[in-house]
Amino acid sequence: MAIKSDNSTINRLEQLLNLDVSPYTDKIIAEYIWIGGSGIDVRSKSRTIPRPVEHPSELPKWNYDGSSTGQAPGEDSEVILYPQAIFKDPFRGGNNILVICDAYTPQGEPIPTNKRHKAAEIFSNPKVQAEVPWYGIEQEYTLLQTNVKWPLGWPTGGYPGPQGPYYCGAGADKSFGRDISDAHYKACLYAGINISGTNGEVMPGQWEYQVGPSVGIEAGDHIWASRYILERITEQAGVVLSLDPKPIEGDWNGAGCHTNYSTKSMREDGGFEVIKKAILNLSLRHVDHISAYGEGNERRLTGKHETASIDTFSWGVANRGCSIRVGRDTEKNGKGYLEDRRPASNMDPYVVTGLLAETTLLWEPTLEAEALAAQKLALKV
């Protein structure tokens with residue numbers, strides 16, 4: 001009796017997984033992706049589509065059991081998926097696609113965890129559209145060992161050497177998870193995600209990638225698609241992905257999602273004055289922004305480890321300990337962008353990008369509040 005090895009079984013599976021079916025059928029597989037009940041978990045399921053498509057409008061709406069994701073009661077559990085953005089599928093290849101969806105009731109109302117709907121309304125406002133808002137989002141994440149939920153590369157139940165050599169480091173004693181970061185980088189490029197870079201972070205086992213510049217609602221679509229791809233890659237690697245803003249307590253950096261932002265007026269001559277006015281508005285809505293910038297962010301925004309205190313709004317040029325940082329080049333050139341350093345790694349990009357546009361382009365403070373804020377922040381506007 002012939003006994004097949006485990007490797008033989010794996011090879012046969014890989015042969016099937018890598019099958020190119022395009023010579024035999026026009027049908028493709030669409031992976032419908034949505035955000036689950038926690039507001040941070042990604043869910044997905046697959047559907048056969050008769051032929052390749054180029055636009056979400058060519059795809060049918062679908063539904064799922066919302067009672068199994070914490071988004072609907074059992075007695076009325078149907079939630080409807082609306083396709084919104086398409087990306088090439090790096091896992092199945094060919095004409096197969098990933099589909100970012102948002103979720104609605106059967107009556108067409110957005111469910112509470114559908115944050116894309118409000119963001120799309122903000123970005124469709126003529127005032128916002130005229131300013132062509134750009135976003136560059138720096139997504140930090142931590143890789144954890146599967147069984148012990150302890151950072152990758154750390155001794156089980158113990159600690160590595162102090163921070164210092166790990167940021168952008170190389171070597172078996174400094175870099176843990178580079179293959180995952182590189183696989184994710186290439187998969188995002190294949191998918192059509194506007195990923196612009198990646199690097200090892202300050203805490204060992206922690207990484208960052210950047211997406212952008214992206215315009216308007218596209219920024220949120222691309223971040224969610226990139227997070228889904230990262231979840232799938234870590235699943236294959238047998239590693240746990242964490243977006244917790246402070247995965248390890250103590251003298252270790254947390255994980256953020258710094259959001260770089262500019263408008264057409266900020267990018268033109270005299271834009272630094274527009275940036276200062278935006279900073280004034282952001283200072284006056286600090287509490288609103290903090291409440292929407294991610295769960296557990298108070299454990300990260302302590303005023304230490306390159307963060308500002310969660311209770312105090314601050315800004316500065318080239319100061320990574322501020323709420324809002326302005327780059328040296330922006331100050332020198334008199335135009336450019338600002339960096340909001342407050343969002344946590346688990347923030348919802350639809351919420352953060354929409355709120356930045358709303359606060360800086362649509363919301364108008366009273367003259368008295370503006371004058372008091374300008375005096376407090378030493379801003380001359």
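Student: Why is Tyr-32 called buried or exposed, whichever applies?

Tutor: Tyr-32 has a relative accessible area of 0%, and since buried means under 20% relative accessible area, exposed over 50% and partly exposed in between, with a 1.4 Å probe and protein chains only, Tyr-32 counts as buried. This is a predicted model, in which local features need pLDDT of at least 70 and side-chain atom pairs count only at pLDDT 80 or more, while totals for chains, interfaces and linings use all residues. Residues are numbered from 1 along each chain as its sequence is written, and side-chain values use heavy atoms, with hydrogens and water left out.

Student: How many aromatic pairs are there, by the rule that applies?

Tutor: The rings of Phe, Tyr and Trp (for Trp, its six-membered ring) pair if their centres lie within 6.5 Å, and planes under 30 degrees apart count as stacked, over 60 as edge-to-face and the rest as tilted; by this rule the count comes to 11 aromatic pairs.

Student: What makes the pair of Tyr-32 and Trp-62 edge-to-face?

Tutor: The centres are 5.1 Å apart and the planes stand at 80°, which is to be set against the limits of within 6.5 Å and over 60 degrees, so the pair is edge-to-face. Tyr-32 lies in strand β1 (residues 28–35) and Trp-62 in strand β3 (residues 62–65), 30 residues apart, where strands are DSSP runs of E with at least two residues, numbered from the N terminus, and helices are runs of H or I with at least four. Trp-62, with a relative accessible area of 18%, is buried.

Student: Why is the pair of Tyr-159 and Trp-252 called stacked?

Tutor: Its planes are 10° apart, with 6.3 Å centre to centre, and the definition asks for under 30 degrees and within 6.5 Å, so the pair is stacked. Tyr-159 lies in the loop between β6 (134–145) and α4 (178–191) and Trp-252 in the loop between β9 (239–242) and β10 (259–262), so the pair ties together parts that are 93 residues apart in sequence. Trp-252 counts as buried at 8% relative accessibility, and Trp-150, Trp-154, Tyr-159 and Trp-252 form one aromatic cluster.

Student: How do you know that the charged end of Arg-232 sits over the ring of Phe-91?

Tutor: A charge sits over a ring if NZ of Lys or CZ of Arg is within 6 Å of the ring centre and within 35 degrees of the ring normal; the charged end of Arg-232 is 4.1 Å from the centre of the Phe-91 ring. Lys-276 likewise lies over the face of Phe-272, at 4.9 Å from the ring centre.
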